[in-house]
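Please read this report alongside the sequence and the model. It goes from one sheet to its helices and then to single residues.

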Amino acid sequence: MIELLQSGAYLVNGTEIIPEGPEAAAAIKSKTGKEVTKESAAQNTMAYGILKSHNTSDNMDKLKIRFDKLTSHDITFVGIIQTARASGLSKFPMPYVLTNCHNSLCAVGGTINEDDHMFGLTCAKKYGGVYVPPHQAVIHQFAREMLAGGGKMILGSDSHTRYGALGTMAMGEGGPELVKQLLNQTYDINMPGVVAVYLKGAPVKGVGPQDVALAIIGAVFKNGFVKNKVMEFVGPGVASLSADFRIGIDVMTTETTCLSSIWKTDDEIKEFYEIHGRGEEYAELNPGEVAYYDGVIEVDLSKVRPMIAMPFHPSNTYTIEELNANLMDILDETEKRALVSLDGAVEYSLKDKVRNGKFMVDQGIIAGCAGGGFENICAAADILKGQYIGSDGFTLSVYPASMPVYMELVKNGCCATLMETGAIMKTAFCGPCFGAGDTPANNAFSIRHSTRNFPNREGSKLQNGQISSVALMDARSIAATAANKGVLTPATDFDGEIGKYKYHFDSNIYANRVFDSKGVADPETEIQFGPNIKDWPAMGALPENMVLRVVSEIHDPVTTTDELIPSGETSSYRSNPLGLAEFALSRKDPEYVGRAKDIQRAEKARMNGENPCEVHEDVKPVMEAVKKTFADASKENTGFGSTIFAVKPGDGSAREQAASCQKVLGGWANIANEYATKRYRSNLINWGMLPFLIKEGELPFKNLDYLFIPGIKKAVEDKTEVIKAYVVDKENGSLTEFEMKLGELTDEERQIILKGCLINYNRVD
């Protein structure tokens, strides 16, 4: 099904893989008649060509990218625009689309969600953007339909910003990276590695895009095979896939921790653009005659079978057949993993879902940027036609990804087919993907064609003793399970026909409802603020020395951004930095907020010219211990703040609030063995936080310890590789030395940290 080639390899004529090695040059020459170097072949990938055309530097090893378009949703655009406004924003310098697909339900927190929407509409008018009202489209479907273009690049403030199947290299990053683009700055990265995803064969009936995606994720996530690299989809198997099928695989590449994705394009993609009235945006993309890749993922599509990603990560994958054949063993293994993910806070059991030897699920969801596509829902309707989901506890909800998709499902009858079964049709909304819609009952098990299944991602609250869980599956197998009244069933068991439906896109839906400034700003428009929309609090510059208190210690193998700042109803507060910060780590470490605020009192006192030693009882003995060795340390040159330790933080969402909430509570750093994603590390840096690294297995401090980092400002300025720090024993007045690193930082990133955050770096007084 999936094979990984660990070494580099050459792709010849788009069809043949030749592994790197002493015989590669001769093999290539025999097939092409040419001598090719590794360096020149590396420039023949589609990714290299697109990055080169968007790079504003003279160095292809150190890229400075300007994107063609930007997109954000209503959890992120308020903070982005507020940050850019503080830095002198007068006009959006490129097309910027503000969708409203996350805080769409105006049922939690009073007016605050709709206040954010009105903020977005008035900003689109004032600065020359595009505003997509709630329930019209999820962010990524609108981008596919209206923004993507062959050879273009799009930056979005959502981690699943992936439009590679349409020939568009797209990246999901935290809000500050979009702020940089709005301020005519650049996205700075080293030239990424490129890994070929070589597809061959064709999927069997009943296998959908989520099945292929989960198979790939299961093969590459844990070993970091594509981490921070570009996945380039090539090979003869691409031609066997429809545009919708490719899109469904592509959107899930985020869960591999790759940087971005790109696919070869053909008439199937050309037709997609033509259907959407944008035929001029199509560009044929192919790798060069000989292209070099840093690795290869070979996928035999004909061998992929319906998959399931068990809680609590998209990489916990099995075939559904394998799960059903080894049910009790796999459920036992999943329960053991849950002990780590849930910290043993609640009882968690899956074995009680087994009845008469069958695994029973409680809920099915087909939704969002991954599941809500036209073909997925049509296939589900065909599988369920003439069946019914029953009148017991099992429920099924279907969310088309956009109103144009919904309208076509109404016209072709698939909507009626699904409704007849007892399924509920709902509007375009991302809620089920992050815990703001269809939260199951306590201890319930939900199968979803959506993007993630992290703990509490479905909306349950661990801190309130609640737990339910999600497994990821394809819409086809969800429908087969629904037809079987909740008995877990692969769609390959379905012996009927799954039709091929023609899609017709009705552009009038958007023409009649979406506000498009056509890039013309109206400076006279007054921005509409709600009472929950707050400015960022003042943040100071990096001091010469630093006292940090460790206020949380997390030893999970991976810490997600959902655990750093929960999703769900807390998203309603994302326009209020201090209000949202109250939820930071609330599901992982409920003591975090109080501890962070406690040490922040000392820094606030220092910034006000007061003596921190008189405000915080711990600071005096800590500073007395420090002064024994560092006599020059004083309240004038030594800052106080908090840090957390996590083994590998930052998997999952691009949300900048995972970092900014720590910052507004006085956080100055994270300490980790490694960072799960580039985007989380970038979020830390853009909020002026130090992304420290320590060696795996070495933890010289423990939770609630005080750390002293002398000369940290100079170390950042001088690009010091190894930074000396000290654990402070305030009881006996001693210091114990240890070492940390910051990893590679660009000159701009160093300046952002020195200034205290991106806002300070760009501030216009």
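The text below covers a sheet, several helices and a few residues in loops and strands.

This is a predicted model, in which local features need pLDDT of at least 70, side-chain atom pairs count only at pLDDT 80 or more, and totals for chains, interfaces and linings use all residues. Residues are numbered from 1 along each chain as its sequence is written, and side-chain values use heavy atoms, with hydrogens and water left out.

**The sheet**

Helices (H or I, at least four residues) and strands (E, at least two) are DSSP runs, numbered from the N terminus. Five strands form an open sheet in the order β1-β15-β11-β12-β13. The pairing is mixed. Two strands pair if DSSP finds at least two bridges between them. β1 (2-5) and β13 (260-263) are the edge strands, each pairing on one side only. From one strand to the next, the twist averages 20°.

Strands β11 (residues 194-200) and β15 (residues 295-300) run parallel and are joined by 6 bridges. Here V197 stands opposite I297 of β15.

Two helices can be placed against these strands. Contact means heavy atoms within 4.5 Å. Axes are lines fitted to C-alpha atoms, for helices over the stretch in contact, and angles run from 0 to 180 degrees between N-to-C directions. Helix α8 packs on the sheet and touches β1, β11, β12 and β15. The direction of α8 makes about 40° with that of β1. Helix α3 (residues 46-54) lies across β11, β12 (230-234) and β13. The angle of α3 to β12 is about 125°.

**Helix α8 against helix α9**

Two packed helices are described by the angle between their axes and the distance between the axes. For α8 (residues 209-220) and α9 (residues 243-251), the axes come within 8 Å and cross at roughly 30°. The crossing of α8 past α9 is right-handed; that is, the near helix is turned clockwise from the far one by less than a right angle. On the α8 side, the contact is made by P209, V212, A213 and I216. On the α9 side, F245, G248 and I249 take part. The contact residues comprise 6 nonpolar, 1 polar and no charged. In this count Ala, Val, Leu, Ile, Met, Phe, Trp, Tyr, Cys and Pro are nonpolar, Asp, Glu, Lys and Arg are charged, and the others, Gly among them, are polar.

**Two buried helices**

Buried means under 20% relative accessible area, exposed over 50%, and partly exposed in between (1.4 Å probe, protein chains only). Helix α18 (residues 475-483) is largely enclosed by the rest of the structure, because 9 of its 9 residues are buried. Among them are R476, S477 and T481. The buried residues of α18 pack against α8, α11 (320-325), β20 (363-366), α14 (374-384), β21 (395-398) and β23 (445-449).

Helix α7 (residues 175-182) is mostly covered, with 8 of its 8 residues buried. Its buried residues include E177, K180 and Q181.

**Backbone exceptions**

Most residues other than glycine have a negative phi, and most peptide bonds are trans. Four residues with a positive phi are listed here.

| Residue | Phi | Place |
|---|---|---|
| N13 | near 55° | loop between β2 (9-12) and β3 (16-19) |
| N184 | about 65° | just after α7 |
| N228 | about 60° | loop between α8 and β12 |
| K485 | about 60° | just after α18 |

N13 is partly exposed, at 44% relative accessibility. N228 is also partly exposed, with a relative accessible area of 30%. The peptide bond from P311 to F312 is cis, with omega near 5°. F312 lies in the loop between β16 (307-309) and β17 (317-319).

**Two buried residues**

T99 sits in strand β6 (residues 96-99). T99 is buried, at 0% relative accessibility. Leaving aside neighbours within four places in sequence, T99 contacts S72, H73, D74, F77, V132 and I139.

N673 is in the loop between β30 (667-672) and α26 (678-686). With a relative accessible area of 18%, N673 counts as buried. A polar atom of the N673 side chain lies 3.4 Å from the backbone oxygen of K695. Not counting residues up to four places away in sequence, N673 touches F645, A646, V647, L693, I694, K695 and E696.

Technical notes: Polar contact = N/O pair within 3.5 Å; in protein donor to acceptor, adjacent residues only side chain to side chain.
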